[in-house]
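Reader: I am new to this structure. Please take me through one part of it closely.

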Amino acid sequence: MNTTDPHATPPRGYLSCVGMGMTLGSHLTPLARSHIQKADVVFAAVSDALVEAWVRTLHPDVRSLQPYYREGRSRMHTYREWVALLMGEVRAGRRVCGVFYGHPGIFAWSPHKAIAMARAEGFDAHMEPGISAEDCLYADLGIDPGRFGCQHLEASQLVFFERRIDTGGYLVLWQAGAVGDRTMTRFETGAAYRQVLVDVLLEDYPPEHEIVVYRAPTLPVQSPRIRRALLTDLATMPLTAEETVVLPPASTLKPNARVAARLTALDAAAGFPGDA
Ligand SMILES: C[S@@+](CC[C@H](N)C(=O)[O-])C[C@H]1O[C@@H](n2cnc3c(N)ncnc32)[C@H](O)[C@@H]1O
């Protein structure tokens, strides 16, 4: 800002939240990179110290959000602090970029909250998508969500609330390692809590149903980690905070005879012969 001109317009704060993608260096889009490089200040919540060091090569003022996690304190507290940090700089008239691993809007509370808050206060704000664990999962596991449909749930939500699972499609469970943690202080809850998840799933799936535990590579030298097991093994098998659990379909799609009759009538009225 030109401090000698009393009529100069003060700089307007601006917020972007961008995704880093999952794999270091190779997933960052040109647009996300441009948001980082044009920012006055960058805040980073990325998967590990190596990735964070790489973000530092893109901008001279990168501030880590990782130290705000505190042992035994709710992650919601940390996430609110992140929003306050981002918004503090936006309100001070700076261009702020929050860098989050994967996609900044997928299973990520703070970017959505900060963007909504910035807009409510009259600032421009933008979310720039990134390659999520979800995208990697489709590629590495050969799943097309359009084939049978795909339901994505936070594992804890599945045990806290009465949800309806559609076993005709894929079920993708996020944050399964911390399932059942009502305090939001733990990254891993352990076998007894996971058994609660298994018991909920057993209401819809047979015990021998296959599950896939998936970890997308975060470094270019890594390969995807894909472990297959039985549903009943889910409680006791090792599971990290960086893994996502997939349940393939357990039932075949049932044709909807009522709707088929209606479509047949419409086809006939429109002069189409019927089923192809
Ligand atoms: C807070 S969410 C963040 C997701 C992230 N925003 C994204 O776009 O993928 C954390 C959850 O993402 C999934 N996740 C994180 N890293 C992963 C990885 N390397 N491979 C597979 N899933 C991962 C796990 O389900 C984990 O519990």
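Reader: Look at the place where the two domains meet. How many residue pairs are in polar contact between domain 1 and domain 2?

Author: Four residue pairs are in polar contact between domain 1 and domain 2, with both residues of each pair at pLDDT 80 or more. Keep in mind that this is a predicted model. Across the interface of domain 1 and domain 2, zero salt bridges are found.

Helix α3, residues 75–91, gives the most to the side of domain 1 that touches domain 2. That helix supplies three residues.

Now the bounds. Domain 1 covers 14–131, and domain 2 covers 134–247. Their contact draws 18 residues from domain 1 and 17 residues from domain 2. The centres of the two domains, taken over C-alpha atoms, are 26 Å apart.

Next, the area. The size of an interface is often given as the accessible area lost when the parts come together. Between domain 1 and domain 2, about 1,500 Å² is buried. Carbon and sulfur atoms give 66% of that area. On the side of domain 1, M22, R75 and F107 lose the most area to domain 2. Together they account for 42% of what that side buries.

Step back to the whole chain. The chain has nine helices and 10 strands. Its C-alpha trace spans about 75 × 55 × 35 Å along the principal axes. Of its 276 residues, 43% are buried. Take the contacts between residues at least 6 apart in sequence: 62% of them join residues at least 24 apart.

Then there are the cores. In soluble globular proteins, nonpolar side chains tend to be buried together. Here the largest nonpolar core holds 23 residues. L173, L197, L201, I211, L234, V245 and L247 touch the most other members. Several elements each supply at least two residues of this core: α7 (155–160), β7 (170–174), α8 (191–201), β8 (210–215) and β10 (244–247). The largest share, four residues, comes from α8.

Look at L173 within that core. Leaving out residues up to four places away in sequence, L173 touches L153, A155, L158, L197, L201, T244, V245 and L247.

Another core lies apart from the largest one. This other core has 20 residues, including A45, V83, M87 and A118.

Back to the meeting place, then. Helix α3 leads on the side of domain 1 with three residues, and the polar contacts between the domains come to four residue pairs.

Note on methods. Residues are numbered from 1 along each chain as its sequence is written. This is a predicted model: local features need pLDDT of at least 70, side-chain atom pairs count only at pLDDT 80 or more; totals for chains, interfaces and linings use all residues. Side-chain values use heavy atoms; hydrogens and water are left out. A nonpolar core is a set of buried Ala, Val, Leu, Ile, Met, Phe, Trp, Tyr and Cys residues joined through side-chain atoms within 4.5 Å. Buried means under 20% relative accessible area, exposed over 50%, partly exposed in between (1.4 Å probe, protein chains only). Contact means heavy atoms within 4.5 Å. Domain bounds come from an automatic or database domain assignment. Buried area is the accessible area (1.4 Å probe) that two parts lose on being put together, summed over both. A salt bridge is a side-chain nitrogen of Lys or Arg within 4 Å of a carboxyl oxygen of Asp or Glu. A polar contact is a pair of N or O atoms within 3.5 Å; within protein, one must be able to donate a hydrogen and the other to accept it, and residues adjacent in sequence count only if both atoms are side-chain atoms.
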